[in-house]
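Please open the model in your viewer and keep the selection panel at hand. The tour goes from one selection to the next and says what is found at each stop.

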Amino acid sequence: MAPSAQIATSGAIGDLYNQLGGANGVLGAATSSETALSGGGAWQQFANGRIYWSQATGAHAIKGGIGDVYFAMGDSALTDIGLPTGDERDLGNGMWVQQFQNGRIFWSGATGGHATNGDIAAAYAALGDSAYSYLGLPTADPVSVRSGVMQSFQSGRIFWSPTTGAHIVHGGINDTYTSLGSSAFADLGLPTSDEAAVANGWAQQFEKGSIFWSYATAGVVVHGNIGAIYASLGTDGPASLGLPSGQVTTLADGSQYQQFQRGLIYWSQASGARIVHNGIGDTFAAMASAPSAMGMPTGDEVDLGNGAWMQQFQNGRIYWSGATGGHAIKGGIGDTFAAMGDSAYGLLGLPTGDEVSLPAGWYQQFQGGRIYWFGPTGGHMVRGGIGDSYVNQGASTGLLGLPTSSEISADGGSYQVFQGGRIYWKDGLGSGTVRGAMLDAYLSMNASSGLLAFPRGGEVAIAGGALQDFEGGRLYWHPNSYAYLVRGAIGATYDAWGGSSGALGFATSNENPTADGTIQSFQNGTIAWKNSGGTVVNVVKGGIGDTFTAMGNSAYGLLGLPTSNEITLPNGWYQQFQGGRIYWSGPTGGHMVRGGIGDSYINQGASTGLLGLPTSSEISADGGSYQVFQGGRIYWKDGLGNATVRGAMLDEYLKLGASSGLLQFPRAGEAAINGGVSQDFEGGRIYWRPNNYAYAVRGAVGATYFAWGASDGALGFPTSDEAPTDDGTIQTFQNGTIAWKNSGGTVVNVVNTGGSKPAAGDEAGYIRWVAGFAQEEQRRYRVPAAVSIAQSIIESGWGQSSLTAVDNNYFGIKCPAYGSPFVSGCTSYSTSEWVNGGYVTIQAGFRSYNSAADSFLDHGYFLSLGDPTNSANRYYPAFLTTNDQDFVRAIANAGYATDPTYASKIISIMDRYNLYQYDV
């Protein structure tokens, strides 16, 4: 194939093409023929660009990034920026520019290519070569904004409109303008000037305001009403107020303020503009949150004379003078100062410090004193001698706390009330603080208007407490007590006894009237003054004194005052008081005895009686009380009175929980009975006999025991406490047991072999007497006790048959013994047997026993052959039954008796006498 023909170049375009190296140059081969331009001139396309020519501009190549921008503009390129008037120029650092008739195209790798034209291009060009360092290259094409055009550069922007002209916005001002976003044009409009230097910064004017920038404040917008006010100050604005340091803040009511470096401009519809500056402005500016803390100014600064100035704000005032500096007064302290009116300046002067926060409240120092304020206490001035004393005592962080009143004139002096006390002042005496218990006592005596008049000083620490001197006497105080006045004749006696360091100790009451004078109590005694004979001292000391003191204030309510000195006992001491006694010995310590327990104790011989000395004070318990003594206890309960519990009775009572247990409180003291003693309690009775323990009897078991004659009855004294069983409880006695069953709600009375057989006809006595034998038989051989008792009644005729009387045989069991360990022999008797429908008399051998108990045990052995589980036993089916009646039927069916009605007779007796209650 033949090579394609080369496209020709000619004229000025050809000449430039050849200068650039032709097809081997930067433009490469021609790709089109020369094309005429409608406005005159021509252009030709090459592989890597174009060459444009006109009579006015000459020939110039457009290529690379600049060419890309120009070609992308299409037909509009010729109208927007025209033909190139110069070749592209290397600006260094990878930046290129080419001049066109109406503008320039810039290109760099960082920014791409962008054209500048019109007034923006003119403003940019006016910067000369500094444009590249000042603004950098364009980073975007021009865009329409508001009523004009904007083009962005690397370090700023150029804005143009017909009304504002073209202006550059760059640096910090541009950053601030940009940060406003879309609101920038609405709030500020377009720039109407270039940036200009002002005091310590720069400013640029916009259609609706200005932007100020400095290294100290960064960029801040000033516009609207505040902007107009600031602008009206001219050069005095930045000079006097400094640059704006905060944006305009609009408050809920529509008012506005803006912070400046040395002041503030506030504007409202109602009051217009207020400027805060000079010393007051410096003070306001230095405050951490001045606008929120102080609010806005409501007036201009006021000359107070003598170099002092004041300006009113919504939430307070700021005062300034050369001597004091500037300080704000606000909040409760400000309200307190303002409420004092003009007298404030005379009494307190100007503030010399700012408000100081306290753990609870605030205070502020003035030239002549302080104002303290706290919500619960309000605001109060502290000054003069009282103020000096207050500060010396630690002020609000000391014991006095905050003031709750201002200084009050009284009785030729004055005082001021604080949370923790009062400070009094009187000419000639100075200041004296009264607080705590001292103050309580002082106030109860009408303070400076009373007998004590004014304090001579503060309280003084002494051994064990404190004292305070007053014009009219002295107050004494010790921990956990009140303060009491000692004065007059009693006071003289007290001092003679060594005061609080002497035997009497601290006062525990004020002086009180008696029928013949007055009396005053002390820790260790009393001093009485009698109209008839001077003073009498009763001292409470030593262990008794320690006991009395340990009781605190309750001692006087419970015991009253001593009515004697201590009295020596063989083994201790006691002292009589109005309401009782205190006993003390080394082993037992000191204890109060009083009231009903005390009366009972004394009636029983007190410490020389059986109870000995008390080892505890009265103890409240379970709706009553008790007191422990060496030999027992005395209990007391309303409605029951007093009762002493001691010895074995007390051991049992304590074992059962004392008054908190089932027995509750004693109804009386112990009473002698035949063979021992008993004592009644709310919940039962305790029995004791010599050489034994004491045991309580109560509840259903107790009711049965009492019905049996208690200790005088057949059962005798209890030998154990009630103990649980699988189906209830059981208690043992000398002659038996009483058991109570949950299943039957019945009480089982048991009498063992210790008693004599009841007389003939005593059926109940017989049953009680043999019940123990029957129960033992049941325990060993599982024969129900009810069955054994009923069979013995039938077989022995209630124990009166000759077989029973001579040979102790209660069941008519015949010989031989078949290995029974309970049989002692065999005796022949005549007996009736049921044969062929009638009774016949025969001679037979019957077993003999040493005792009734052996007869019952042999009865069980006979029926079980010694093992109730032996299935080879003739009567084994009876041991498989589940009730007493079936057991009887089973042994009858097995041939126990020849009488066909035997089972019915036995069951009838069990029912009639409720013998089931004895089953165990």
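Begin by selecting two helices of this predicted model, and display the side chains where they meet: Trp769, Val770, Phe773, Ala774, Glu776, Glu777, Arg780 and Tyr781 in helix 22 are in contact with Ala852, Ala853, Phe856, Leu857, His859, Gly860, Tyr861 and Ser864 in helix 25. Sorted by class, this contact is made up of 10 nonpolar, 3 polar and 3 charged residues. If you now show the helices as ribbons, helix 22 covers residues 763-781 and helix 25 covers residues 852-864, and the two pack at an angle of about 35° with their axes 9 Å apart. The crossing of helix 22 and helix 25 is right-handed.

From helix 22, move along to arginine 782, which is found in the loop between helix 22 and helix 23 (785-796). Look at the backbone here, since arginine 782 is not a glycine and yet has a positive phi of about 65°. With a relative accessible area of 44%, arginine 782 is partly exposed.

A second residue of this kind is aspartate 622, whose phi is near 55°, a positive value in a residue other than glycine. Select the loop between strand 45 (619-621) and strand 46 (624-629) to find aspartate 622, which counts as partly exposed at 41% relative accessibility.

For another backbone feature, go to the loop between helix 24 (802-807) and strand 57, where proline 816 is found. The peptide bond that leads from cysteine 815 to proline 816 is cis, with omega near 0°.

The next stops concern aromatic rings, of which the model has 64 pairs by the rule applied here. Select tyrosine 829 and phenylalanine 846, which form an edge-to-face pair with 6.2 Å from centre to centre and 75° between the planes. This pair links distant parts of the chain, as tyrosine 829 belongs to strand 57 (residues 825-835) and phenylalanine 846 to strand 58 (residues 838-848), 17 residues apart. Are these two residues, tyrosine 829 and phenylalanine 846, buried or exposed? Both tyrosine 829 and phenylalanine 846 are buried.

Now select Trp43, Tyr52, Tyr70, Phe71 and Phe100 together, as these residues form one aromatic cluster. Add arginine 50 to the selection and turn the view until you look along its side chain: arginine 50 lies over the face of tryptophan 43, at 4.4 Å from the ring centre. The charged end of arginine 50 also sits over the ring of phenylalanine 71, 4.3 Å from the centre of that ring.

Continue to threonine 514, which lies in strand 37 (residues 512-514) and is partly exposed, with a relative accessible area of 37%. A distance drawn between the C-alpha atoms of threonine 514 and tryptophan 529 should read 8.9 Å, for a pair that is 15 residues apart along the chain.

The last stop is leucine 654, in helix 20 (residues 647-655), which counts as partly exposed at 37% relative accessibility. Which residues does leucine 654 contact, leaving aside its neighbours within four places in sequence? With those neighbours left aside, leucine 654 is in contact with Arg633 and Tyr635. To end with a view across the model, draw a line from leucine 654 to tyrosine 818, which are 164 residues apart in sequence and 54 Å apart in space, C-alpha to C-alpha.

Notes: Residues are numbered from 1 along each chain as its sequence is written. This is a predicted model: local features need pLDDT of at least 70, side-chain atom pairs count only at pLDDT 80 or more; totals for chains, interfaces and linings use all residues. Side-chain values use heavy atoms; hydrogens and water are left out. Axes are lines fitted to C-alpha atoms, for helices over the stretch in contact, and angles run from 0 to 180 degrees between N-to-C directions. Helices (H or I, at least four residues) and strands (E, at least two) are DSSP runs, numbered from the N terminus. A crossing is left-handed if the near helix is turned anticlockwise from the far one by less than a right angle, and right-handed if clockwise. Contact means heavy atoms within 4.5 Å. Ala, Val, Leu, Ile, Met, Phe, Trp, Tyr, Cys and Pro count as nonpolar, Asp, Glu, Lys and Arg as charged, and the others, Gly among them, as polar. Rings of Phe, Tyr and Trp (its six-membered ring) pair if their centres lie within 6.5 Å; planes under 30 degrees apart count as stacked, over 60 as edge-to-face and the rest as tilted. Buried means under 20% relative accessible area, exposed over 50%, partly exposed in between (1.4 Å probe, protein chains only). A charge sits over a ring if NZ of Lys or CZ of Arg is within 6 Å of the ring centre and within 35 degrees of the ring normal.
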